[in-house]
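Colleague: I am new to this structure and would like a close look at one part of it. Please take me through the packing at the start of the chain, then show me how the rest compares.

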Amino acid sequence: MELRQLRYFLAVVEEANFTRAAAALHVAQPGVSAQIRQLERELGQRLLDRSGRSVTVTEAGAAVLPYARAALAAVDGMRQTADEFAGLLRGRVTIGLVSGAATHEFDVASVLADFHDDHPHVEIALTEDTSDRMLAAVREGRLDIALAGLAEDTPPQGVTWQIVVDEPLAAVVAADDPLVASAEGAAIPLTALADRPLISLPRGTGLRAVLERACAQAGFTPRIAFEAAAPGLLVQLAARGLGVAVFPAPGAEAVATLGLRALAFDEPRPRGRIGLAWREDGPSGPAAKAFLGRLRTAFAAPRSAQVPQLRSDPGKSHGGLLRRRPSVHCFPRNHLDARPQEARP
């Protein structure tokens with residue numbers, strides 16, 4: 001029995017798919033299958049059920065899974081102890097990032113790059129996903145840290161967080177929109193959006209959950225016409241008259257660039273928040289703990305969330321957000337869909 005067989009087994013269990021597990025491990029899929037078959041032969045039991053669309057553990061696989069995790073944790077602990085004597089920091093840190101958060105005002109890339117310069121033997125894996133999935137991954141130990149949108153006032157069980165952005169939401173509209181005339185410089189009621197097509201972040205994001213909950217409390221269901229994960233695209237769609245973008249109050253300069261107006265809501269104003277989240281008992285390894293400390297220091301004070309400055313070429317709106325360095329791996333998901341919601345399958 002080899003350690004890599006146990007690592008491959010755990011990866012397939014977590015991904016529920018051989019191909020995704022191989023991609024996460026940076027190895028060929030046939031190699032993963034062959035090693036797990038060898039492990040099953042050595043144990044004399046089938047560990048995985050391959051008959052369905054998703055790979056699941058068998059009864060025997062579920063029974064041996066805790067031992068596989070314990071064995072790998074013990075090996076990692078041995079390495080960490082030896083590194084501490086040598087004065088080295090090694091390991092792997094997995095961090096999830098809510099799409100659109102890596103702006104100049106919220107410079108995760110610089111923190112990540114500086115940490116890598118100080119600790120070149122630490123591998124950092126960075127992924128983008130929805131806030132709901134990232135918080136679940138933190139709770140289950142699949143992510144060490146997440147920078148996620150927060151829909152609730154308190155963290156879910158097993159998770160703690162530090163709020164780094166806290167900003168009231170605003171309605172972003174074209175300058176000639178009827179809402180501008182009706183507001184006359186004052187805040188608008190949330191019910192003014194009841195019959196309007198809205199432009200929002202996708203389901204699973206903290207901001208979307210806050211919007212839907214606020215509308216429900218106001219007595220209506222929001223009519224989401226377009227979804228987009230990139231904050232800049234939200235206001236670009238609003239600038240073309242495709243709906244009202246609901247987003248944390250943007251900076252006046254970014255709004256004026258496209259001839260838009262940001263209208264505040266009456267009290268109680270819904271708020272958009274982003275927070276650093278980690279397991280309540282702390283990250284699993286010293287590298288993750290050190291990186292969390294670096295992030296907490298960098299984003300110690302809550303900031304006002306702003307729409308990033310838009311460029312003339314929408315296709316370049318994400319350019320330069322993530323600087324690539326050796327041992328830094330970025331695995332973005334397919335997170336953007338700006339088609340009308342009713343047109344998507």
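What follows is one walk through the model, beginning with the early helices.

Modeller: Keep in mind that this is a predicted model. A quick frame comes before the close look. The protein has eleven helices and twelve strands. Of its 345 residues, 46% are buried. Among contacts with a separation of 6 or more, 78% link residues 24 or more positions apart.

Now the start of the chain. Two packed helices are described by the angle between their axes and the distance between the axes. Take helix 1, residues 3-15, and helix 3, residues 29-43. Their axes are 9 Å apart, and the packing angle is about 110 degrees. Angles of 65 to 115 degrees count as roughly perpendicular, so helix 1 is roughly perpendicular to helix 3.

Which residues of helix 1 and helix 3 meet? Helix 1 brings Arg 4, Gln 5, Leu 6, Tyr 8, Phe 9 and Val 12. Helix 3 answers with Gly 31, Val 32, Gln 35, Ile 36, Gln 38, Leu 39 and Glu 42. By class, this contact has seven nonpolar, four polar and two charged residues.

Pause at Gln 5, which sits in helix 1. Is Gln 5 buried or exposed? Its relative accessibility is 2%. Buried means under 20%, so Gln 5 counts as buried. Outside its close sequence neighbours, up to four places away, Gln 5 touches Gln 35, Gln 38, Leu 39 and Glu 42. Those four residues belong to the helix 3 side of the contact.

Helix 2 comes next. It spans residues 18-25 and also packs on helix 3. Here the angle is about 105 degrees, and the axes are 8 Å apart. That makes helix 2 roughly perpendicular to helix 3 as well. From helix 2, the residues are Phe 18, Thr 19, Ala 22 and Leu 25. They meet Gln 29, Val 32, Ser 33 and Ile 36 of helix 3. This contact has five nonpolar and three polar residues, with no charged ones. Val 32 and Ile 36 appear in the contact with helix 1 and in the contact with helix 2.

Look at the loops between these helices too. Ala 16 lies in the loop between helix 1 and helix 2. Its phi is positive, about 60 degrees, although Ala 16 is not a glycine. His 26 lies in the loop between helix 2 and helix 3. The phi of His 26 is also positive, near 60 degrees, and His 26 is not a glycine either. With a relative accessible area of 44%, His 26 is partly exposed.

Now move along the chain to the nonpolar cores. In soluble globular proteins, nonpolar side chains tend to be buried together. The largest nonpolar core here holds 36 residues. Leu 193, Leu 263 and Phe 265 touch the most other members. Elements that give two or more residues to this core include strand 6 (159-174), helix 8 (206-218) and strand 10 (260-264). A second, separate core has 35 residues, among them Ile 95, Leu 135, Val 138 and Val 165.

Leu 263 is worth a closer look. Leaving out residues up to four places away in sequence, Leu 263 touches Ala 170, Ala 171, Val 173, Leu 179, Val 180, Ala 183 and Ile 188.

Next, set Ser 200 beside Arg 203. Ser 200 lies in strand 7, while Arg 203 lies in the loop between strand 7 and helix 8. Ser 200 is buried, because its relative accessibility is 1%. Arg 203 is exposed, because its relative accessible area is 54%. Beyond neighbours within four places in sequence, Ser 200 is in contact with Arg 208, Leu 211, Ile 224, Phe 226, Glu 227, Ala 228 and Leu 234. Under the same exclusion, Arg 203 touches Thr 130, Arg 208, Glu 212 and Glu 227. The side chains of Arg 203 and Glu 212 are joined by a polar contact of 3.1 Å. Arg 203 and Glu 227 are 24 residues apart in sequence, and their C-alpha atoms are 8.5 Å apart.

One last detail concerns the backbone. The peptide bond joining Glu 267 and Pro 268 is cis, with omega about -5 degrees. Pro 268 sits in the loop between strand 10 and strand 11 (271-279).

Conventions. Residues are numbered from 1 along each chain as its sequence is written. This is a predicted model: local features need pLDDT of at least 70, side-chain atom pairs count only at pLDDT 80 or more; totals for chains, interfaces and linings use all residues. Side-chain values use heavy atoms; hydrogens and water are left out. A nonpolar core is a set of buried Ala, Val, Leu, Ile, Met, Phe, Trp, Tyr and Cys residues joined through side-chain atoms within 4.5 Å. Buried means under 20% relative accessible area, exposed over 50%, partly exposed in between (1.4 Å probe, protein chains only). Contact means heavy atoms within 4.5 Å. Axes are lines fitted to C-alpha atoms, for helices over the stretch in contact, and angles run from 0 to 180 degrees between N-to-C directions. Angles under 35 degrees count as roughly parallel, over 145 as roughly antiparallel, 65 to 115 as roughly perpendicular and the rest as oblique. Ala, Val, Leu, Ile, Met, Phe, Trp, Tyr, Cys and Pro count as nonpolar, Asp, Glu, Lys and Arg as charged, and the others, Gly among them, as polar. A polar contact is a pair of N or O atoms within 3.5 Å; within protein, one must be able to donate a hydrogen and the other to accept it, and residues adjacent in sequence count only if both atoms are side-chain atoms.
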